[in-house]
Amino acid sequence: MTHPAQPKASHFINGAYVEDTAGTPIPVIYAATGEQIATVYAATPTIVEQALSTAKEAQKAWGKMTGTERGRILRRAADIMRARNHELSVLETYDTGKPLQETLVADATSGADALEYFGGLAGSLTGEHIPMGEDWVYTVREALGLCVGIGAWNYPTQIACWKGAPALACGNSMVFKPSETTPLCALKVAEILHEAGLPAGLYNVIQGMGEVGAALVTDPRVDKVSLTGSVPTGKKVYAAAAAGMKHVTMELGGKSPLIIFDDANVENAVGGAINGNFYSSGQVCSNGTRVFVQKGIKEKFLARLAERTGAAVLGDPQDEATNFGPMVTENQMNIVLGYIEKGKEEGARLICGGKRADMPGFFVEPTVFADVTDDMTIAREEIFGPVMSVLDFDTEEEVIARANDTEFGLSAGVFTNDFSRAHRVIGQLEAGSCFINSYNDAPVEAPFGGVKASGVGRENSKEAIKHFSQVKSVYVRMGDVEAAF
Ligand code: NDP
């Protein structure tokens, strides 16, 4: 019998599901059991061509509609997503393995927020009037044209919406390629957008590995590329886009610092460290995986952290009592287990977890290492799994320097009850998305993105509008034209 997660077809192009079984088969494996639950086929050159040509053509009329008309469709899609949240969350859980307890509140809901927010903004995208004496300049905010979105596997619904909603609000069309690991959810986003009245061809989803992404990025018809992925992929995609002088947004990886001062509320700091390391089983780019704890509260912090981490419920992700799921793939599980071994070998002190969970699926226990030093592999490289490194520090000046000593700069957090210190420290941290007495909040109203190797551009908020549109300026002369000859 066909599994309920099996999509109607692999691709969604020009307002309809499209299949082409000539492409490489991509098995979809449920991470909680290791079973194959669906198959999709990588896009062939014919499919890539269909998606690009349809998106290029459809954009012309969409860009000419009023923002209010475009916004109405996006807001309708938000309503449909909310109404279907349970079904979409179950699918997100099959696609990623993340527990339903999480997907019910973090995925389709976040996607719907983006559709509603950018739908609301669409009608307010205007230019400026700049007086120049009797002459004037006016500016027009225009669509970029055809945008490509490429997603990572940790938030397949959210990423499809975070890229699609602002792109469409600004009058662009999109071809979206999900990660080959999680190909299912973006198809539902496309289906819902069209159910809400989106004209055919404006939001297309095609499957495939990196080479399909590369074919999209290098196509001369594409005006913008928005990638969520790792730093090495980001460097390749950025370079390929630069060759065609395309606009880019790069949402890449991190190794973010979370700094806990002696005066912090310990329960809140432990809660922040748990949210910043173990949500989605640690598969979150903005995670605060280097937890710097001031020496005065170190043992108290570690004791409460171990106690609360012991309460994680590993199990069937479709059971709402489960709050900790598996790694997305067997490969990712092995990468994470490799880092855990490195942590042990390099002398970090294991506080809890530290191995594969004794159950089916790709579960790794939530793991905490203490006495981690800056040079250890687990403190330098992005693990993308449930492995928290706790490092000690003495002074504010010292911890700021150590926190910034990384190629990454996605996020950073500070826990302290001294508000001048909180702002002073955040002001010196090299990161794009920061938190004071909290960690990992990502409301659509706030810009999200990194500095240094963690990325270029911002998603969400009004900032995203700047990255999916361009400004034309028009000088209007009222008098005669003066010329030298
Ligand atoms: P990858 O970088 O491996 O892949 C990202 C996407 O790019 C996938 O769809 C992949 O396809 C595609 N891709 C790979 N090579 C190319 C290429 N040459 N040209 C075009 N596209 C290509 O990342 P993961 O999927 O493994 O995701 C994990 C990473 O994403 C982590 O490093 C994490 O930090 C980062 N991330 C960043 C976020 C942010 O907002 N800053 C949010 C979430 C994750 P395929 O996988 O099918 O081969």
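Which residue forms a salt bridge with Lys 344? I will start there, and I should say at once that what we are looking at is a predicted model. The partner is Glu 341, and the closest N and O atoms of the pair are 3.3 Å apart. Both residues sit in helix 12, which covers residues 330-345, and because they are 3 residues apart there, about one helical turn separates them. As for their surroundings, Lys 344 is partly exposed, with a relative accessible area of 35%, and Glu 341 also counts as partly exposed, at 38% relative accessibility.

Let me step back to the whole protein before returning to the charges. The secondary structure comes to 16 helices and 20 strands, and the C-alpha trace spans about 75 × 65 × 40 Å along its principal axes. For a chain of 485 residues, a compact globule would have a radius of gyration near 23 Å, and the protein agrees with this, since its own value is 23 Å. Of those 485 residues, 58% count as buried, while the protein exposes about 18,900 Å², of which carbon and sulfur atoms supply 53%. If we take the contacts between residues at least 6 apart in sequence, 73% of them join residues that are at least 24 apart.

Now to the charged side chains, of which the protein has 42 positive and 59 negative, with the centres of the two sets lying 3 Å apart. How many salt bridges does a search of the whole structure find? The search finds 31, and I would like to go through a few of them.

One of these salt bridges joins the side chains of Arg 82 and Asp 113, at 2.8 Å from N to O. This pair links distant parts of the chain, for Arg 82 belongs to helix 2 (residues 67-83) and Asp 113 to helix 5 (residues 108-122), and the two residues are 31 apart. Arg 82 is partly exposed, with a relative accessible area of 34%, and Asp 113 is likewise partly exposed, with a relative accessible area of 34%.

Are Glu 92 and Lys 98 buried or exposed? Their side chains meet in a salt bridge of 3.1 Å, N to O, and both residues are buried, whereas Arg 82, which I described a moment ago, is partly exposed.

Finally, salt bridges can also be followed beyond a pair: Arg 84, Glu 87, Lys 188, Glu 191 and Glu 195 are linked in a network of them.

Notes. Residues numbered from 1 in each chain as written. Predicted model: local features only at pLDDT ≥ 70, side-chain atom pairs only at ≥ 80, totals over all residues. Heavy atoms only, no water. Salt bridge = Lys/Arg side-chain N within 4 Å of Asp/Glu carboxyl O. Helix = DSSP H or I, 4+ residues; strand = E, 2+ residues; numbered from the N terminus. Buried < 20%, exposed > 50% of the residue type's maximum accessible area, 1.4 Å probe, protein only. Rg over C-alpha atoms; globule rule 2.2 N^0.38 Å. Contact = heavy atoms within 4.5 Å. Areas by Shrake-Rupley, 256 points an atom, 1.4 Å probe, with all protein chains shown as cover. Lys, Arg positive; Asp, Glu negative; His and termini not counted. Charge placed at Lys NZ, Arg CZ, Asp CG, Glu CD.
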